[in-house]
Each structure stands twice: as structure tokens, then as C-alpha cells.
Amino acid sequence: MLSVLIETRDDEEGLARTLASLIGGAVEGVVRDVIVCDTGSTDQTHRVADHAGCHFVAGGIAAGIRQAKGDWLLFLEPGARLSEGWIDDVVAHTARQTMPARFSRSRGSRTPFLARVLRGNRALAEGLVISKRQASSLAKSARSAEAIARGLATKRLNAEIWVAPPK
């Protein structure tokens, strides 16, 4: 079972797109709960989360990790969308692995090498599948999901993600 955590601030439209891509996982019984970790939104983010049946947590990623019910966590940026077939890859990974994993960028959302170098790479751009135990440990010194994901050695999943547009 997987808990999905989405750290957001003033991105109701991106949140809605990401939540729509998780419906298949909820129907299959893979997604146990979705937690929206808000960092001070002033828009209607809380309403989007509420209408989708998500848990809404004001207080950042550490509070969301504590509230998560799954043994494995999936961190996503608002606006990111998982491509069809992601469920099987994530289930297979969590059944046999202990290390974190990231999704492969879909062809349509791959940025040229030079653009990645000049703009910098967001650690959560490809999402992150991580055990709750490891995330809890990392959250003690990290203040955001991005900080938790930065610098981790990860496995690359075959499942694809449409990366959220940069802000």
C-alpha cells in the first residue's frame, strides 16, 4: 500500500492534474491515501484537496509523513502526471526493493541537456518512491519534500511521468 504526498503552495490547478492521474491507483487499491502538505496557500488548494477526498495538512512534509498510512510513500510535485502503467512498476518495485526510485521522464517532457544544466534540476521532478521509514529519518533534517529527495541514490522505474512545468 502506498501513501501519496504532494507538497504544494498556491497551485490548485496543478494539484487537480496530479490527482487525476492517481485515480487508477486508487481504484486498483494501490493508493491507500493522498496527503496534500500545504506550505501556506492562499488560493483554493484546500478545496481541491477536500473535493478529491485527500487529507489536507498545513505544516509541511514532516507532518504529512507522520500521517501517512502506507509503508511506502510517493512524493509528487503538483502538476506532475503519471503515465498509464505506473501502478504495476511501483507495486513490483515496492515488493522487492528497499531503495528509493524515480520515474522516467516521458518523451514529451524531456528537456534538452543544456537547458537542464542552465536551469538546474528539481529533485522531485521525476517523483520519488521511498519507504516511510527512510523518509521519516530524512525528514528530521529536511524542511521540504525537495530537500528529502535531493542527493538520494535511486533506481529508475520504467513507468513514465509528465513533469510539472517549472514555476
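This section describes the model confidence, the largest pocket and three individual residues.

The structure is a predicted model. Mean pLDDT across the protein is 91. A value of 70 or more is reached by 92% of the residues. Confidence varies between elements. Strand β4, residues 72-76, has the highest mean pLDDT of the elements, at 98. Helix α6, residues 113-119, has the lowest, at 59.

The largest pocket encloses about 250 Å³ of space. Its lining comprises 15 residues. Nearest the pocket centre lie E7, E77, P78, R122 and K167. Two elements, β1 (2-8) and α8 (145-149), each supply at least two residues of this lining. By residue class, the lining holds seven charged, six nonpolar and two polar residues.

T18 was examined next. This residue belongs to helix α1, which spans residues 12-21. T18 is buried, because its relative accessibility is 0% and the cut-off for burial is under 20%. A polar atom of the T18 side chain lies 2.7 Å from the backbone nitrogen of G79. That separation falls within the 3.5 Å limit for a polar contact. Beyond its neighbours within four places in sequence, T18 touches I6, L76, E77, P78, G79 and A80. Among these partners, E77 and P78 are also listed with the residues nearest the centre of the largest pocket. L76 falls within the range of strand β4, residues 72-76, and I6 within that of β1 (2-8). The contacts of T18 thus include residues of β1 and β4.

R66 presents the opposite exposure. Helix α4, residues 61-67, contains R66. Its relative accessible area is 63%, so R66 counts as exposed, the cut-off being over 50%. R66 and A135 are 69 residues apart in sequence. In space, their C-alpha atoms are 9.8 Å apart.

P166 lies in the segment after β8 (155-162). Relative accessibility is 48% for P166. This residue is therefore partly exposed, as the value lies between the 20% and 50% cut-offs. P166 and Q97 are also 69 residues apart in sequence. Their C-alpha atoms, however, are 30 Å apart in space. The two pairs thus share a sequence separation of 69 residues, with C-alpha distances of 9.8 Å for R66 and A135 and 30 Å for P166 and Q97.

Definitions and conventions:
Residues numbered from 1 in each chain as written. Predicted model: local features only at pLDDT ≥ 70, side-chain atom pairs only at ≥ 80, totals over all residues. Heavy atoms only, no water. pLDDT = per-residue confidence, 0-100. Helix = DSSP H or I, 4+ residues; strand = E, 2+ residues; numbered from the N terminus. 1 Å grid on protein atoms, 1.4 Å probe; cavity = no way out; pocket = protein on both sides within 12 Å on 5 of 7 lines; lining within 4 Å. Points joined across faces, edges and corners; volume = space filled by probe spheres on them. Nonpolar A, V, L, I, M, F, W, Y, C, P; charged D, E, K, R; others polar. Buried < 20%, exposed > 50% of the residue type's maximum accessible area, 1.4 Å probe, protein only. Polar contact = N/O pair within 3.5 Å; in protein donor to acceptor, adjacent residues only side chain to side chain. Contact = heavy atoms within 4.5 Å.
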